[in-house]
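Colleague: I would like to learn how to read a structure with a bound ligand, taking one feature at a time. Could you walk me through it?

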Amino acid sequence: MAKCAFLGLGVMGHPMAGHLVAAGHEVRVWNRTKLKALNWSETYKGKAFDSIDGCVDGADFVFLCVGQDKDVFDVMEFVLVAAKPDAIIIDHTTASSKCAQECYAKAAERKLEFIDAPISGGEAGAVNGQLSIMCGGNKDAFEKAMPVMSAYAKAMTLIGPSGSGQMAKMINQICIAGVLQGLSEGVHFATEMGLDMETVLKAIGKGAAQSWQMDNRAITMSRDEFDFGFAVDWMRKDLGIVLETASENNIDLPLVQDVQSRYKVVQEMGGGRWDTSSLIKALKD
Ligand SMILES: NC(=O)c1ccc[n+]([C@@H]2O[C@H](COP(=O)([O-])OP(=O)(O)OC[C@H]3O[C@@H](n4cnc5c(N)ncnc54)[C@H](OP(=O)(O)O)[C@@H]3O)[C@@H](O)[C@H]2O)c1
């Protein structure tokens, strides 16, 4: 069983660190807001630390699950100094590919491994230990990390070298953006035409239009319920990374651009923490 340090106990990190304990690993945790780490250690058999240095000291695996690029850099500054030689750093944050490559290079200077390992599956996937993880980094490090990450994952794939896990996550978000805009227009159209959404879904939900979003979000969208799930603020951050990367590489993504501006409208309505299915609000209001 491995010695694990988990940094960042938000919506995703809290249950993920808990699964590591359940799998029998020795788990130490740290969170910027101390109270969350203390609450975690009251629920799970693991120790909360006041400092990143103390938490990471002696760990075989160091997990990060924070917000965005700047947060990863903030935390890595301490991890790079405190981690023991040969430790494997696994970053579950959705960040840019450049951020991953920079962290990988700095880690390599200290003979540490760094795997970019963004996740998909939402809060439910983290709570149920059913996440999909797309990884970038060295094969040996990935193979050592796999049995540990399997505590909370149903699928783990090495996409390629450092940064390519974050690239795969960008593709994931591009596909979700398109599906959600289509679903928003479908639900909006059904409502305007006076059709009952549950009946419509019985007819189309097992056909070619089916999607995870349709199965899990169409009904709540038709009921105007968005107080759960994956936050619009995070999606705006993810699509911002996608659009910046696309622009640097002269790739045209008209639909992502349109969806990004629609999420801005939702944020302006006060929906920053609403689920991403609230994209429909940019049509309705
Ligand atoms: N929620 C989802 O459904 C979902 C799904 C897939 C991927 N993701 C990605 O997973 C990551 C975490 O998401 P989440 O939903 O768990 O977010 P969250 O609930 O907002 O938690 C964010 C965590 O990052 C910490 N943090 C932020 N900035 C920091 C900094 N500068 N230094 C140290 N710690 C910092 C926060 O600490 P404090 O407690 O002190 O604020 C908190 O522990 C994000 O990159 C997100 O895009 C989320």
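Modeller: We will go through the ligand, then the salt bridges, and then one loop residue, keeping in mind that this is a predicted model.

Colleague: Which residues come nearest to the ligand?

Modeller: A residue belongs to the surroundings of a ligand if one of its heavy atoms lies within 4 Å of it. Here there are 25 residues around the ligand, of which Asn-31, Thr-33, Lys-36, Gly-67 and Lys-237 come nearest. By class, this shell has 10 nonpolar, 8 polar and 7 charged residues.

Colleague: Which side chains make polar contacts with the ligand, and at what distances?

Modeller: An N or O atom in the side chain of Asn-31 is 2.6 Å from an oxygen atom of the ligand, and a polar side-chain atom of Lys-237 lies 2.8 Å from a ligand oxygen atom. In the side chain of Asp-74, an N or O atom is 3.1 Å from a nitrogen atom of the ligand. On its own the ligand has 900 Å² of accessible area, and the protein covers 91% of that area. The elements that give two or more residues to the shell are α4 (69–82), α6 (122–127) and α11 (232–248), and α4 provides the largest share, with 3 residues.

Colleague: How should I read a salt bridge, and how many are there?

Modeller: Side chains of opposite charge can pair when their charged atoms come close. A search of the whole structure finds 11 salt bridges. One of them joins Lys-237, which also has the ligand contact at 2.8 Å, to Asp-238, with 3.0 Å from N to O.

Colleague: Are Asp-238 and Lys-237 buried or exposed?

Modeller: Buried means under 20% relative accessible area, so Asp-238, at 3%, is buried, and Lys-237, at 15%, counts as buried too.

Colleague: Where does the salt bridge between Lys-264 and Glu-268 lie?

Modeller: Lys-264 and Glu-268 lie in helix α12 (residues 254–268), and because they are 4 residues apart there, about one helical turn separates them. The closest N and O atoms of this pair are 3.1 Å apart. Lys-264 is partly exposed, at 40%, whereas Glu-268 is exposed, at 59%.

Colleague: What does Ser-162 touch?

Modeller: Ser-162 lies in the loop between β9 (153–160) and α8 (164–192), and with a relative accessible area of 10% this serine is buried. Leaving aside residues up to four places away in sequence, Ser-162 touches Ala-100, Gln-101, Tyr-104, Asp-116, Gly-136 and Gly-137.

Technical notes. Residues are numbered from 1 along each chain as its sequence is written. This is a predicted model: local features need pLDDT of at least 70, side-chain atom pairs count only at pLDDT 80 or more; totals for chains, interfaces and linings use all residues. Side-chain values use heavy atoms; hydrogens and water are left out. Buried means under 20% relative accessible area, exposed over 50%, partly exposed in between (1.4 Å probe, protein chains only). Contact means heavy atoms within 4.5 Å. A salt bridge is a side-chain nitrogen of Lys or Arg within 4 Å of a carboxyl oxygen of Asp or Glu. A polar contact is a pair of N or O atoms within 3.5 Å; within protein, one must be able to donate a hydrogen and the other to accept it, and residues adjacent in sequence count only if both atoms are side-chain atoms. Accessible areas come from the Shrake-Rupley method with a 1.4 Å probe; for residues, only the protein chains shown count as cover. Ala, Val, Leu, Ile, Met, Phe, Trp, Tyr, Cys and Pro count as nonpolar, Asp, Glu, Lys and Arg as charged, and the others, Gly among them, as polar.
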